[in-house]
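Welcome, and please take a look at the model shown here. A short tour follows it.

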Amino acid sequence: MSTGGDNYGRMVQALDTLAMVFLDPQGRITNWNAGGRRIFGYAADEVIGQSFSMLYTPEACAAGLPEQALQAARRAGRDEETGWRLGKCEQRVWARTILEFVRDDAGEPAGYTYLVRDIPWPHQSDDMLGSNEQQFSLLVQGVRDYAIYMLDPDGHVASWNAGAQRIKGYRAEEVLGKHFSHFYADEDASAGKPSRNLAVARTQGVYEGEGWRQRKDGSLFWAHVVIDRLTDADGRIVGFAKITRDITEKKRVEEELAVAREALFQAQKSESIGQLTGGVAHDFNNLLMAVMGNLELLRKWLPPATRPQLLLDNAMAGAQRGAALTQRMLAFARRQELHPQPVDVPMLVHGMAELIRRSLGPEVRIGTSFPLQLPRVLIDPNQLELALLNLAVNGRDAMPQGGRLEIGARSERVGEGHSTALPPGEYVCLWVADEGHGMDEETLQRATEPFFTTKGVGKGTGLGLSMAFGLAEQSGGRLLLQSQPGKGTTVEIWLPVAAAALGVPAPAEEVSDTDAELHCSEPLNLLIVDDDDLVLLSTMAMAEDLGHVVHAVRSAEEAIAYIDAGGEVDVVITDQAMPGMTGVRLAGLLRERTPGLPIVLASGYAELPGAPVPELVRMGKPFTKRDLHRAITDAAGQLGVAEEAR
């Protein structure tokens, strides 16, 4: 096989994947290859001597783009563009072009190399056209964006250009005669990929693919590779033309985009599930409201016999379990009502140690790991206890043969770019770690979804992790999972440190009301507003049983009409989530009409949309007769309308 200019001439003639064109210093076409004929449709005798502007669209020529490209290449050495080009019969081609300014050995302007690649990049077989030896050498050597070199029929390097030296790091004398497998990553070379790729080019005419390649310094880059078969006039294979381009940056951007898309998908999925869960919990709360209210009223009418009372207690216990279930659902949806306060985590864990031991059983060894000094966190202590108990039970269930479960915490300052993606600040990381069977990646992705569980039927609600996830998010923190099959699971709850200046008061001690106290000393005129008939009737019955006079309506509009008509009202009790107008909006309109009107807002959600209305009394759903009595008393006593505060 010949070398030097003959090699370059044969290679450029055979390449139909790229239009590789030489221009004189004035921009006139002086040679034309098979790639130019395939992409643009012109034969060599149709374009040689013509200005390369004939390959531009009329609008591009009118804007002076061809001359601007020549000027840019003379000034900066090269000009790159992606856009429409014009082929024969006004056929438009979307192409990537590189125009490089070339000087001869004496440093004088020799013209330009013009490379055109149509997108997508098809491969066809066209007739090969010849050109001048010196022009071909300048053409190939002037290209720096692509490694363009020839291989002999056995795959040994027979030529080398400036682009190959720039991309791979080798000078020509270092690689000529070496097998091209030298450039493959070690594992690919060991797997026989170079010979397979060459075989594809030999049998099919061309090989195109992507993969890792190795530079002289040992570093890897992601390459787009084309190997074209070269044949002589008799159809015999005389070698291969190999074109390599470094697309590492493109691959990195694509991978980052894929990661970002997956993160967005997961966030959107969690948000959708949260909205669905919150809506279901709201409707379930209304049903439980009717059940619990009527059960409570039924108690006073039942005979004192043991069995009826026991049956009623069982029914109430079931309803209360349902209420706890809705709280977990609202926790995942980040809509539960929380009462955050500074919490000493080690003291909280110590206080519930006996409960955890009884819940986990004797086969689970429990350990703790807390530093001597740990700042307090701002969270609802009752909900944190429930979350820890759920996580501990999950750990026990993951260790059916027993094992060790550890609860610990540490303080850490979170900065920009932290793995938690939390805002910068001081946090406490509370963790629960087990030695169980662990989770695979697919299970980890779904672990915090409500009702998702790997336990058997009847052995779990699938709400433990989702509740802890929602609690952490609603408290300004984050829940992270670390797990591998056979290596256990660690659940981390990151919580913000409670600032000493917060001055959050300790929760008031529960005061038990006797049945005798659950009756008003002076009846009040109540306006009850709720769009759910079951809840409305239940609330009416409880309020009347407390001794109040009740007027009930099913919408905010009816409530406003009743007030405007002069209806007598001492306290308004309104639901929050109603069609047409929310409870907060209704409260604002009623306060405009009657400043100082006592209003109780009933809602199972923690956050209320709309402008805040001052001095509203909040009442969670579902509520009991005792809760209703306290809310009415607080509302009336707060504004001095009817009753004395307790």
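The report below covers an enclosed space, two strand pairings and one serine.

This is a predicted model, in which local features need pLDDT of at least 70, side-chain atom pairs count only at pLDDT 80 or more, and totals for chains, interfaces and linings use all residues. Residues are numbered from 1 along each chain as its sequence is written, and side-chain values use heavy atoms, with hydrogens and water left out.

Let us begin with the enclosed space. The structure holds one cavity of 30 Å³ or more; a cavity here is a set of points on a 1 Å grid over the protein atoms alone where a 1.4 Å probe fits but cannot get out. The largest cavity has about 50 Å³ of space, a volume being the space filled by probe spheres set on the points. Its lining (residues with an atom within 4 Å of a point) includes I528, D530, T539, A602, K621 and F623. Two or more lining residues come from each of β17 (525-529), α18 (533-545) and β19 (571-575), and β19 gives the most, with three residues. Helices (H or I, at least four residues) and strands (E, at least two) are DSSP runs, numbered from the N terminus. By character, six lining residues are nonpolar, two polar and three charged.

Next come two antiparallel pairings; strands pair if DSSP finds at least two bridges between them.

| Strand | Partner strand | Bridges | One bridge pair |
|---|---|---|---|
| β6 (residues 147-151) | β9 (residues 237-246) | five | Y149 and K242 |
| β14 (residues 425-434) | β16 (residues 489-496) | seven | A433 and T490 |

In strand β6, five of five residues are buried, which means under 20% relative accessible area with a 1.4 Å probe and protein chains only. Both faces of β6 are covered, with A147, Y149 and L151 on one side and I148 and M150 on the other.

Strands β14 and β16 also belong to an open sheet of five strands, ordered β11-β13-β14-β16-β15 with mixed pairing. At the edges stand β11 (364-369) and β15 (478-483), each with a single partner strand, so one side of each has no neighbour in the sheet. Neighbouring strands of this sheet are turned by 20 degrees against each other on average, direction ignored, with axes fitted as lines to C-alpha atoms.

Finally, where does S555 lie? S555 is in the loop between β18 (549-553) and α19 (556-564). With a relative accessible area of 16%, S555 is buried. The side chain of S555 reaches the backbone nitrogen of E558 at 3.2 Å.

How values were computed
1 Å grid on protein atoms, 1.4 Å probe; cavity = no way out; pocket = protein on both sides within 12 Å on 5 of 7 lines; lining within 4 Å. Nonpolar A, V, L, I, M, F, W, Y, C, P; charged D, E, K, R; others polar. Buried < 20%, exposed > 50% of the residue type's maximum accessible area, 1.4 Å probe, protein only. Polar contact = N/O pair within 3.5 Å; in protein donor to acceptor, adjacent residues only side chain to side chain. Axes fitted to C-alpha atoms, helices over the stretch in contact; angles between N-to-C directions.
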